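Here are my notes for your first look at this model. Keep the structure open and follow the points in order.

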Amino acid sequence: MVAPPNFQEGQSTYRPPRFNGQYYGWWKTRMHNFIMAEDFELWDVICDEPFFPMKTIGDPAVTVPKIRKDFNDVDRKAIEKNFRAKIILVCGIGPDEYNRISSCQSAKEIWEALQIAHEGTTQVKQSKIDMLTTGYELFRLKDDESIQDMHTRFTSIINELHSL
């Protein structure tokens with residue numbers, strides 16, 4: 001997980017981190033932390049399918065979606081969580097990334113679309129993990145490399161593995 005060079009953005013606890021199409025792993029970790037700090041349940045909405053209120057009618061019993069006028073306060077709060085998670089994600093991306101997710105209906109769909117676009121499918125992720133693991137196993141101090149530079153390079157490998 002590499003941070004952008006010459007990073008200028010301040011670290012706000014009120015605004016989501018901004019993603020411009022580069023350094024996805026770095027943004028992903030920051031966005032996860034931002035969402036968890038904002039509302040722990042929002043992360044559940046991103047990981048799970050969004051809640052949609054259902055009701056049981058008829059005999060035999062059939063479960064159908066509730067219409068909006070039948071929503072109660074609990075239903076509204078649960079639906080609001082998905083929209084809150086969506087707006088945080090949308091506010092954290094630039095216009096190019098927005099085009100990638102504009103048709104997504106849920107926060108989970110947005111997160112998965114960004115993840116697939118920037119990390120790839122499960123097979124691509126596994127290939128990246130294999131390459132990073134090899135780099136980790138063959139890690140050595142380079143000629144004319146300072147301990148600080150070596151540590152930074154090593155930490156970068158570990159962080160990228162962790163983000164995948």
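1. Is Met54 buried, partly exposed or exposed? At 41% relative accessibility, Met54 counts as partly exposed, because that value falls between the cut-offs of 20% and 50%. Keep in mind that this is a predicted model.

2. Now place Met54. It lies in strand β1, residues 54-57. Leaving aside neighbours within four places in sequence, Met54 is in contact with Thr63, Val64, Pro65 and Lys66. Strand β2 covers residues 62-65. For a sense of distance, look at Pro95. It is 41 residues from Met54 along the chain, and the two C-alpha atoms are separated by 35 Å.

3. Follow the contact to Lys66. This residue lies in the loop between β2 and α3. Lys66 is buried, because its relative accessible area is 16% and the cut-off for buried is under 20%. Not counting residues up to four places away in sequence, Lys66 touches Phe52, Pro53, Met54, Lys55, Phe71, Asn72 and Asp75.

4. Which side chain makes a polar contact with the side chain of Lys66? The partner is the side chain of Asp75, at 2.7 Å. Asp75 is found in helix α3. So the contact links a loop residue to a helix residue, and Asp75 too counts as buried, at 6% relative accessibility. Beyond four places in sequence, Asp75 touches Phe51, Pro53, Lys66 and Asp70. Pro53 therefore appears in the contact lists of both Asp75 and Lys66, with contact meaning heavy atoms within 4.5 Å.

5. Step back to α3 as a whole. The helix runs over residues 73-91 and has 19 residues. From first C-alpha to last it reaches 26 Å, close to the 27 Å expected at 1.5 Å a residue. Look at its start as well. There, a side-chain oxygen of Asn72 reaches to within 3.0 Å of the backbone nitrogen of Val74.

6. Which residues of α3 are buried? They are Asp75, Ile79, Asn82, Ala85, Lys86, Ile88 and Leu89. What covers them includes α1 (24-38), α2 (40-47) and α5 (107-119).

7. Turn next to α5 and its packing partner α6, residues 122-137. The two helices pack at an angle of about 50°, with their axes 9 Å apart. They are therefore oblique to each other. Oblique is the right word because 50° is neither under 35 degrees nor in the range from 65 to 115. The crossing is left-handed. At the contact, Gln115, His118 and Glu119 in α5 meet Val124, Lys125 and Lys128 in α6.

8. Check the backbone at Pro60. A cis peptide bond joins Asp59 and Pro60, with omega at about 10°. Pro60 sits in the loop between β1 and β2.

9. Two further backbone points concern phi. Tyr23 has a positive phi of about 60° although it is not a glycine. Tyr23 is placed in the segment before α1 and is partly exposed, with a relative accessible area of 27%. Asp144 also has a positive phi, near 60°, and is a residue other than glycine. Asp144 lies in the loop between α6 and α7 (147-163). At 86% relative accessibility, Asp144 counts as exposed.

Conventions: Residues are numbered from 1 along each chain as its sequence is written. This is a predicted model: local features need pLDDT of at least 70, side-chain atom pairs count only at pLDDT 80 or more; totals for chains, interfaces and linings use all residues. Side-chain values use heavy atoms; hydrogens and water are left out. Helices (H or I, at least four residues) and strands (E, at least two) are DSSP runs, numbered from the N terminus. The expected span of a helix is 1.5 Å times one less than its number of residues. Buried means under 20% relative accessible area, exposed over 50%, partly exposed in between (1.4 Å probe, protein chains only). A polar contact is a pair of N or O atoms within 3.5 Å; within protein, one must be able to donate a hydrogen and the other to accept it, and residues adjacent in sequence count only if both atoms are side-chain atoms. Axes are lines fitted to C-alpha atoms, for helices over the stretch in contact, and angles run from 0 to 180 degrees between N-to-C directions. Angles under 35 degrees count as roughly parallel, over 145 as roughly antiparallel, 65 to 115 as roughly perpendicular and the rest as oblique. A crossing is left-handed if the near helix is turned anticlockwise from the far one by less than a right angle, and right-handed if clockwise.
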